[in-house]
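Trainee: I've got a model open on my screen and I'd like to talk it through. Can we go over it together?

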Amino acid sequence: MTNKLKYFIGNWKMFGDNSSLKVIKQIYKFRTDFKTGKNKIVICVPNTLISFFEKKIKSKFFYIGAQNCHQNPGYGAFTGSVSASMLKKVGAKYVILGHSENRKSGDTNKIIQEKIKSALDAKINVIFCFGETLNEKRSKKTFSVIRNQILGSVKKNYTIKNIFFAYEPVWSIGTGKTPNVDELKKTFNYIKNEIKKNFKTRSLPIVLYGGSVNHNNISMFSSISEIDGFLIGGASQSAKKFIDIIKNYYK
Ligand code: PGA
């Protein structure tokens with residue numbers, strides 16, 4: 001069984017200012033007119049832009065998200081940080097957590113586990129990232145790394161239907177390199193089985209792919225029905241590139 005509904009999620013990273021509203025508007029207009037396939041779009045932008053963008057968009061298929069939050073719920077003495085409930089109040093419907101760029105600057109499985117809890121408690125959907133490094137891939141540890149990251153950060157009692165599992169091989173992010181079809185099929189089946197085995201959920205798990213997705217390689221990904229959507233970094237900063245990915249997915 002696979003999910004028919006597909007997700008195209010943008011991760012803008014540290015990019016954008018008020019003038020970037022034009023990118024949001026172009027993607028939104030495209031999606032409004034685009035009747036092919038069942039899909040939703042989420043663009044995860046810097047915190048400085050969430051409220052501004054969110055007010056311009058009212059849609060059941062287009063949402064604005066955030067890219068990280070502090071693990072502490074509510075308010076606290078954490079200079080420079082923002083909690084999930086604060087993100088929720090400005091209109092974020094999703095938050096990316098566990099991104100490898102944040103793991104590099106100190107996010108551990110335990111911290112990510114707390115962040116996921118605070119986001120779910122604030123009623124924000126979580127885009128939970130995990131994936132192996134090149135060295136781990138070379139030493140054939142991909143599955144054990146994935147398992148360890150998932151089980152280390154997602155507790156049995158978390159609401160799985162609000163967690164989007166985003167497989168992002170670290171060696172693929174921003175490099176132009178991607179796993180091949182065979183590797184992807186095996187890894188997605190492994191991830192979905194692990195989720196089914198370890199968590200109680202009636203809905204099918206949503207598992208996304210992220211890492212160097214672009215308008216050329218998307219046709220390779222679209223042949224793999226196990227992939228429920230994409231987390232798109234660099235290419236989501238351009239309306240044309242992002243739109244071409246969606247168009248080519250359905251070609
Ligand atoms: P990329 O980034 O598409 O630029 O490789 C993906 C991500 O970091 O989520």
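Trainee: Which residues does isoleucine 195 touch, not counting residues up to four places away in sequence?

Mentor: Keep in mind that this is a predicted model. Start by finding isoleucine 195 in helix H8, which covers residues 181–198. Leave out anything up to four places away in sequence, and the residues it touches are Ile160, Phe165, Pro205 and Val207.

Trainee: Is isoleucine 195 buried or exposed?

Mentor: The cut-off to use is under 20% relative accessible area for buried. Isoleucine 195 comes in at 0% relative accessibility, so it counts as buried.

Trainee: And where is serine 83, and what is its relative accessible area?

Mentor: Look in the loop between S3 and H3 for serine 83. Leaving aside neighbours within four places in sequence, this serine is in contact with Cys69, His70, Asn72 and Gly74. Serine 83 is buried, and its relative accessible area is 3%.

Trainee: Glycine 74 is on that list. What separation do the C-alpha atoms of glycine 74 and isoleucine 195 have?

Mentor: Along the chain, the two residues are 121 residues apart. In space, their C-alpha atoms are separated by 29 Å.

Trainee: Let's move to helix H2. Where do its buried residues fall, seen down the axis?

Mentor: H2 runs over residues 47–54, and Leu49, Ile50, Phe53 and Glu54 are buried there. Seen down the axis, those buried residues fall within an arc of 125 degrees, so they line one face of the helix. As a rule, an α-helix has 3.6 residues a turn, so residues three or four places apart point the same way. For H2, then, the place to look is one face of the helix, within an arc of 125 degrees.

Trainee: Which elements do the buried residues of H2 pack against?

Mentor: Take the buried set of H2, which is Leu49, Ile50, Phe53 and Glu54. Their packing partners are helix H1 (21–33), strand S3 (62–66) and helix H3 (84–89).

Trainee: Zooming out, why is the protein said to be as compact as a globular protein of its length?

Mentor: The secondary structure comes to 10 helices and eight strands. For 251 residues the globule rule gives 18 Å, so the protein is as compact as a globular protein of that length, being close to that value with a radius of gyration of 17 Å.

Trainee: What percentage of the protein's exposed area do carbon and sulfur atoms supply?

Mentor: Buried residues make up 52% of the 251. The protein exposes about 12,000 Å², and the share from carbon and sulfur atoms is 54%.

Definitions and conventions:
Residues are numbered from 1 along each chain as its sequence is written. This is a predicted model: local features need pLDDT of at least 70, side-chain atom pairs count only at pLDDT 80 or more; totals for chains, interfaces and linings use all residues. Side-chain values use heavy atoms; hydrogens and water are left out. Helices (H or I, at least four residues) and strands (E, at least two) are DSSP runs, numbered from the N terminus. The radius of gyration is taken over C-alpha atoms; the globule rule is 2.2 Å times the number of residues to the power 0.38. Buried means under 20% relative accessible area, exposed over 50%, partly exposed in between (1.4 Å probe, protein chains only). Accessible areas come from the Shrake-Rupley method with a 1.4 Å probe; for residues, only the protein chains shown count as cover. The arc is that of the directions from the helix axis to the C-beta atoms. Contact means heavy atoms within 4.5 Å.
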